[in-house]
Amino acid sequence: MTISILRPAILAAACIACAALPAAAADVQTIELTLKDHKFSPETIEVPANERFQIKLTNADATPDEFDSTDLRVEKVVGGGQTGIIRIQPLVPGRYMFMGEYHAATARGIVVAK
Amino acid sequence: MLAAFIIVFREVIEAGLVVGVVLAATRGLAGRGTYVAGGIFAGFLGACLVAAFAGGIADLFEGSGQEALNAGVLIVAVAMLVWHNAWMASHGRELARELKAVGHAVKEGSRSLMALAIVCAVAVLREGSEVVLFLYGVAAAGQTTALGILSGGLLGIAGGAVISALLYLGLIAIPLRHLFGVLTALITLLAAGLAAQAMRFLAQGGWLNDWVTPLWDTSSVLSEASIPGRVAHVLFGYMAQPSASELAAYLAVIAVMLVVRRVIGQETGGRMQASA
């Protein structure tokens, strides 16, 4: 469960890639998250506080799941084998739990805003 | 089975509470059973459709189709509740008088019944599609525990129905002279809460980018994830971390309801004086 930190190089590459997209998406950091065997990977996401970001969730399982977080104030169903974008509003520093509601026993993770 | 029960129960409670309020609000209107059952059935069909086309819906609006659908049906529900309260303002007294022997109120009530049936349909559609997707996933994953999980699901639905019945019985136990006031207040807060939720989906979908950060956090007092928190969330629009846009939508709907009631109340009052 190592903390995945996006290295500047990846960030820069992402920004260049984003530049081609509409302005709204360009200034938002995108974090890749995968759900496989009803487990999130990475399970810990670290983001800068007070900045909008989005999670790109790839559901590698065959069945749908719902990304659900009371802390982050979002809920979004992502079908089996599909990808969903979850937009998160700026967060104050802290730890925010999230889960895959349909497999809440295993599908759990945390967003750390610093 | 327990997990299935909990998840289904959680979703069904939300729809069940709305149905409970609607049943109490339509008490005394002939034909309400058909409308409410029809609304629930339509919502269930809609939930299956939404679940079946979940992938296609999600891909709409650059991946924000689900949020658009949620915000859209929520706004429809708010409009229907405003409509109903307006109708209550002009017919409430009359309805209270004739609650035992309903006759001519029925005709005029049918439009309000339709509005409330739509509210039921929307509630069932939103919560039901999540239940359908969850149960589908369980059924598709393997047969070993499917029976247990399906029975858990059925128990969850039954549990939600019990909550709905309790709310209904609690509401109709209120003396008639207070009932309409309580229902009007309840429907106002229900609508305000739905409007606030719509704002959240608009923000999540990327259409609303200002006034989106939480103003305060009362989750240590009453968590939205807890059952009491969820009940308060559905009935009064309780949010542990409301944003400015959610609060604004909440207050705006309350303001609209008050204005509508006042205007219609005056009109009805004027008409009564004129006819007297």
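## Chain B: overall make-up

Of the 276 residues in chain B, 43% are buried. The model is a predicted one. Chain B holds nine helices and zero strands. Read from the N terminus, its elements run α-α-α-α-α-α-α-α-α.

Contacts in chain B reach far along the sequence. Take those with a separation of 6 or more: 84% of them join residues 24 or more positions apart.

## The nonpolar core

The largest nonpolar core has 98 residues. Val18(B), Val22(B), Val119(B), Cys120(B), Ala191(B) and Ala195(B) have the most contacts inside it. Helix H5 of chain B, residues 105-141, gives the most to this core, with 18 residues.

What does Ala195(B) touch, leaving out residues up to four places away in sequence? Its partners are Val78(B), Ala249(B), Tyr250(B) and Val253(B).

## Annotated spans

The "transmembrane region" annotation comes from an unreviewed UniProt entry. In chain B it covers residues 6-26, 33-57, 69-88, 109-126, 146-172, 179-199 and 247-264.

Two of these spans can be set against the model. Residues 33-57 of chain B are 96% helix and 0% strand, and the end C-alpha atoms lie 32 Å apart. Residues 247-264 of chain B are 100% helix and 0% strand, with 26 Å between the end C-alpha atoms.

## Helix H1 of chain B

Helix H1 of chain B spans residues 2-25, 24 residues in total. From first C-alpha to last it reaches 33 Å, close to the 34 Å expected at 1.5 Å a residue. There is a bend of about 25 degrees at Ile13(B).

Is H1(B) largely enclosed or largely open? In H1(B), 20 of the 24 residues are buried, so the helix is largely enclosed by the rest of the structure.

## Helices H5 and H6 of chain B

Leu135(B) sits in helix H5 of chain B. Leu135(B) is buried because 22 other C-beta atoms lie within 10 Å, and the cut-off for burial is 20 or more. Leu135(B) touches Leu150(B) and Gly153(B), not counting residues up to four places away in sequence. Gly206(B) is 71 residues from Leu135(B) along the chain, and their C-alpha atoms are separated by 29 Å.

Helix H6 of chain B covers residues 146-172. H6(B) has 27 residues and reaches 39 Å from its first C-alpha to its last, close to the 39 Å expected at 1.5 Å a residue. Buried residues in H6(B) include Ile149(B), Gly152(B), Gly153(B), Gly156(B), Gly160(B), Ser164(B) and Leu167(B). Val162(B) also belongs to this helix. Val162(B) counts as partly exposed because it has 14 C-beta neighbours inside 10 Å. Val162(B) and Gly20(B) are 142 residues apart along the chain, yet their C-alpha atoms are separated by 9.8 Å.

## Chain A and its contact side

Chain A has two helices and nine strands. Along the sequence the pattern is α-α-β-β-β-β-β-β-β-β-β. Buried residues make up 37% of its 114 residues. Among contacts in chain A with a separation of 6 or more, 59% link residues 24 or more positions apart.

How many residues of chain A are in contact with chain B? The count is 21 residues of chain A, against 23 residues of chain B. Strand E6 (74-78) and strand E7 (83-88) of chain A each supply at least two residues of the side that touches chain B. That side of chain A divides into ten nonpolar, six polar and five charged residues.

## Backbone details

A cis peptide bond joins Ser41(A) and Pro42(A), with omega about -5 degrees. Pro42(A) lies in the loop between strand E2 (39-41) and strand E3 (44-47) of chain A.

Two residues that are not glycines have a positive phi: Asp37(A), at about 50 degrees, and Phe61(B), at about 50 degrees. Their settings follow. Asp37(A) is in the loop between strand E1 (29-36) and E2 of chain A. With 10 C-beta neighbours inside 10 Å, Asp37(A) counts as exposed. Phe61(B) is in helix H3 of chain B, residues 54-63. With 15 C-beta neighbours inside 10 Å, Phe61(B) counts as partly exposed.

Methods. Residues numbered from 1 in each chain as written. Chains lettered and ligands numbered in written order. Predicted model: local features only at pLDDT ≥ 70, side-chain atom pairs only at ≥ 80, totals over all residues. Contact = placed C-beta atoms within 7 Å. Helix = DSSP H or I, 4+ residues; strand = E, 2+ residues; numbered from the N terminus. Nonpolar A, V, L, I, M, F, W, Y, C, P; charged D, E, K, R; others polar. Buried ≥ 20, exposed ≤ 12 C-beta atoms within 10 Å, placed from the backbone. Core = buried A, V, L, I, M, F, W, Y, C linked by C-beta atoms within 7 Å. UniProt positions renumbered as here; feature names shortened; annotations may be inferred. Expected span 1.5 Å × (residues − 1). Bend = angle between axes of the 7 residues up to and from the residue.
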